[in-house]
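Student: Got a minute to go through this one with me? I'd like to start with how the chain is laid out.

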Amino acid sequence: MAGERPFDVVIVGAGPAGLALGTLLRPQRRVLVLERRARPATAPPIGESLPGAAAVLLQRLELLATFQDAGHRERGAAVSVWDGDSPVWRDAIRDPAGPGWYLDRRGFEQMLRRRALDAGVTLREGCKQADLRHRQGQWHLDTALGPFRAPVLVDATGRSGHLGRQLGLRRRADDPLLCLYSFLNQGILDQGFLDQAPESQDRTMRIQADAHGWWYTVPLPQGQRVLAYHMDGDDPLCRRLLRRPEAFLARARDHALLAEVLEGLAPARIRGRPAGTSLLEVEQLTKAGPGFLAIGDALLAFDPLASQGLFHALASATSAAKAIESGLHQSLGAYQQEMRAVTQRYLWHLKASYQGPRRFGQAAFWQRRQ
Ligand SMILES: Cc1cc2nc3c(=O)[nH]c(=O)nc-3n(C[C@H](O)[C@H](O)[C@H](O)COP(=O)(O)OP(=O)(O)OC[C@H]3O[C@@H](n4cnc5c(N)ncnc54)[C@H](O)[C@@H]3O)c2cc1C
């Protein structure tokens with residue numbers, strides 16, 4: 001293609017996984033990251049719980065000090081009403097990697113973006129579509145922003161796995177789990193004014209199973225709280241709650257574990273996001289063509305029950321960087337083996353977790369998963 005700009009690696013998708021990989025590959029390699037969005041999304045992003053083990057990965061990105069100064073909230077204990085009717089506590093102090101954080105997710109992504117740009121990554125935003133061809137050891141991308149080429153192409157497009165699909169790879173994505181969520185303010189909406197109440201001291205992660213699915217709530221930085229209900233997208237209740245924030249909150253407050261921390265919160269807009277496991281079998285990677293990789297959600301999108309998506313985005317980027325640095329021809333097998341092990345371990349734990357609430361065994365949501 002005339003006028004093609006050459007790179008060593010082209011990464012499609014500027015989420016946490018793509019930005020982390022780009023940063024790790026610089027300064028040795030010429031890296032292009034292509035992003036579909038022209039500017040950051042206006043809807044507040046969901047996914048805020050980061051385990052303490054991520055500190056090592058942030059250190060590799062030379063971001064730990066910046067991250068620690070950014071005002072993310074330290075996680076407290078996790079308390080769940082799951083297998084039985086009584087709350088079960090798991091204290092954060094028992095995690096050898098440290099308690100982890102509740103993120104200001106937008107701030108977290110801005111930090112990764114700034115780091116990638118400082119490292120010298122070429123970031124081109126507003127690139128909605130790329131025509132792809134593999135020829136003579138190179139991937140050729142024809143885009144509205146110009147033609148590019150590189151021997152290595154990485155799918156970091158998130159749970160859609162857009163690039164892999166475009167190259168004909170099959171995904172396993174048959175779980176209809178939908179996450180309904182709302183960001184709530186610590187205050188009450190009174191005649192158009194939001195009276196800010198003092199920031200809640202509660203730091204617990206609360207998880208509650210019921211007949212239609214499971215709830216999750218955690219406090220966020222700046223006095224916000226997120227409340228999420230994970231249920232099947234084809235459950236008629238789901239559509240009803242999506243349109244009625246008051247009913248959504250009232251239903252959460254039926255559970256004592258949640259009611260304790262939802263007192264006085266203003267009803268807010270409810271949003272919905274697909275949240276079921278979606279994965280590319282690692283064997284598929286070689287079918288796309290030589291020099292192709294998938295990382296983050298594009299490889300394995302976790303059920304939010306695992307709270308592992310961001311960790312996996314950074315960890316798979318770290319492993320992919322190692323594989324690319326030592327020559328993808330020789331190292332692809334090792335990357336596949338590592339990611340296969342991650343997938344198998346995750347699927348085993350997920351199945352075991354959904355076996356827990358046997359008291360709802362007759363309900364469609366749980367039958368589907370047990
Ligand atoms: C309801 C819900 C709750 C969650 N909660 C948590 C949590 O508590 N903790 C946690 O760790 N994780 C959580 N996650 C998961 C976490 O958000 C993801 O795992 C993480 O964002 C994955 O990062 P990524 O970079 O792989 O993908 P993404 O963050 O999805 O980024 C993909 C990027 O690619 C871009 N893109 C897509 N298609 C194209 C294209 N064709 N061309 C160019 N660019 C493209 C997108 O615009 C985006 O910028 C949750 C997810 C959901 C759905």
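**Domains and their interface**

Tutor: The C-alpha centres of domain 1 and domain 2 lie 30 Å apart, with bounds that come from an automatic or database domain assignment. This is a predicted model, where local features need pLDDT of at least 70, side-chain atom pairs count only at pLDDT 80 or more, and totals for chains, interfaces and linings use all residues. Residues are numbered from 1 along each chain as its sequence is written, and side-chain values use heavy atoms, leaving out hydrogens and water.

Student: Which residues go into domain 1 and domain 2?

Tutor: Domain 1 is 5-72 + 102-173 + 276-354, and domain 2 is 178-274.

Student: What area is buried between domain 1 and domain 2?

Tutor: About 1400 Å², and carbon and sulfur atoms give 65% of that. Buried area here is the accessible area (1.4 Å probe) that two parts lose on being put together, summed over both.

Student: Which three residues supply the most on the domain 1 side?

Tutor: Pro-44, Ile-46 and Tyr-102, which supply 44% of the area that domain 1 buries against domain 2.

Student: How many salt bridges and polar contacts cross over?

Tutor: Zero salt bridges across that interface, taking one as a side-chain nitrogen of Lys or Arg within 4 Å of a carboxyl oxygen of Asp or Glu. There are four residue pairs in polar contact, both residues at pLDDT 80 or more. A polar contact is a pair of N or O atoms within 3.5 Å; within protein, one must be able to donate a hydrogen and the other to accept it, and residues adjacent in sequence count only if both atoms are side-chain atoms.

Student: Switching topic: how many disulfides are there?

Tutor: Zero in the whole structure, with a disulfide being a pair of cysteine sulfur atoms within 2.5 Å.

Student: Why is Cys-238 not bonded to Cys-179?

Tutor: Because their sulfurs are 9.7 Å apart, too far for a bond.

Student: Is Cys-238 buried or exposed?

Tutor: Cys-238 is buried, at 2% relative accessible area, and Cys-179 is buried at 5%. Buried means under 20%, exposed over 50%, partly exposed in between (1.4 Å probe, protein chains only).
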